[in-house]
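Trainee: Please choose one part of this model and look at it closely. I would like to follow how its pieces fit together.

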Amino acid sequence: MKHASKTRKQLQQQLEQAHDYEHWCEAATALDDMDGLLDWRDREETGMLHESLMRKHMGLMDHCRQNGDTRRLIRILQESLYRHLGELSNPDLYTVARSGTNRLVGEFLDAVETSMEFICDHPIPEVTTARKLKMFQDAERVYGRPALMLSGGAAFGIYHIGVTRALWRQDLLPDVMAGSSMGAIVAGAICTRDDKELAEFFNHPERIHLNAFRWLGVTEGLRAGHAMDQCQLQEHLQHNLGSVSFKEAYDHSGRTLNISVSPTRTQQKPRLLNWLSSPAVLVDSAVMASCAVPGIFP
């Protein structure tokens, strides 16, 4: 009992001190094993999924691929995704074990991905390539795509960089990002860079300009009407984001940046700025506006 307690404490320390996802996952898996949660990941029935129907659909997908029946595969794929999307989105599925959810979820999603690649790579009678592309685009609109939202809060900036770097290293960083205040700074730094520049950004964090804030003296602050130096923040943004419009950032990076800004009047609503709603607005000015706090930043 004492040995198990010591082992658990060591694993929890490894979990907290892990420098990358691989080491974190190794410690998480060991803790899940101690708690018997790996058995849950392998369990045939969880009570949260329609397991028998999912396995039936997976079998039908495999049968269609083996027989080259692309049309039927599309119908099964559409029906299966529609039936199971709600179950797969259940947050309870992702809070049981640290190292991952029930393995059937991954197996089902792998089957969906394999089927989509099969449809993409194989001809469909009387369906042109342009028509096939539109089918995928329509599916994207129906089922959506991943997005990452980064909240405000000065101290969160360091966490945001760590989280986004971990996702990037696993090739899981979404192409759609949103942020406010400090979250807007980090999202802006990512979405104004192409893949090569982003690799440089994440691989050399020591080159990131970190000095975003400087408190004004009492006399200077009273004269200015705010407590922090906006010029310091502008220098920080220029160094990390440059000066490009939302449309230029999208064309350069291929990523969609969304920045929320608060209204100046009580009757107005917050605005969401991106390359569709405000293509000519400069990203750094939008981030500056998102960071505004009455009495702190103008």
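Mentor: Start with two terms. Contact means heavy atoms within 4.5 Å. Helices (H or I, at least four residues) and strands (E, at least two) are DSSP runs, numbered from the N terminus.

Next, the ground rules. The model is predicted: local features need pLDDT of at least 70, side-chain atom pairs count only at pLDDT 80 or more, and totals for chains, interfaces and linings use all residues. Residues are numbered from 1 along each chain as its sequence is written, and side-chain values use heavy atoms, leaving out hydrogens and water.

Our part is the sheet with strand β3, together with helix α14. First, the setting. The protein chain is divided into domain 1 (36-143) and domain 2 (147-291). These bounds come from an automatic or database domain assignment. Over C-alpha atoms, the centres of domain 1 and domain 2 are 35 Å apart.

Now the sheet. It is open, has four strands in the order β1-β2-β3-β4, and its pairing is mixed. The edge strands are β1 (148-150) and β4 (271-273), and each pairs on one side only. From one strand to the next, the twist averages 20°. Axes are lines fitted to C-alpha atoms, for helices over the stretch in contact; angles run from 0 to 180 degrees between N-to-C directions.

Two strands pair if DSSP finds at least two bridges between them. Strand β2 (residues 176-179) pairs with β3 (residues 256-261) in the parallel sense, over four bridges. There, A178 stands opposite N258, and G179 stands opposite I259. On to β4. β3 and β4 run antiparallel, joined by three bridges. I259 stands opposite L273 in β4.

How covered is β3? It is mostly covered: five of its six residues are buried. Buried means under 20% relative accessible area, exposed means over 50%, and partly exposed lies in between (1.4 Å probe, protein chains only).

Then comes the helix. α14 (residues 283-290) lies across β2, β3 and β4. It runs at about 35° to β3. Six of the eight residues of α14 are buried, so this helix is largely enclosed by the rest of the structure. The buried ones are V283, D284, A286, V287, M288 and S290. Their cover includes β2, α9, α12, α13, β3 and β4.

I259 links these pieces. Its contacts include G179. In β4, I259 touches L272 and L273, among others. In α14, V283, A286, V287 and S290 are among its partners. Residues up to four places away in sequence are not counted.

Finally, the core. A nonpolar core is a set of buried Ala, Val, Leu, Ile, Met, Phe, Trp, Tyr and Cys residues joined through side-chain atoms within 4.5 Å. The largest one has 32 residues; M177, I190, I259, V283 and V287 touch the most other members. Two or more residues each come from β1, α9 (182-191), α10 (195-203), α12 (230-241), α13 (246-253), β3 and α14. α9 gives the most, with eight residues. Another core of 21 residues lies apart from this one, and W40, M54, I74 and L88 are among its members.

So, in short: β3 is paired with β2, joined to β4, and crossed by α14.
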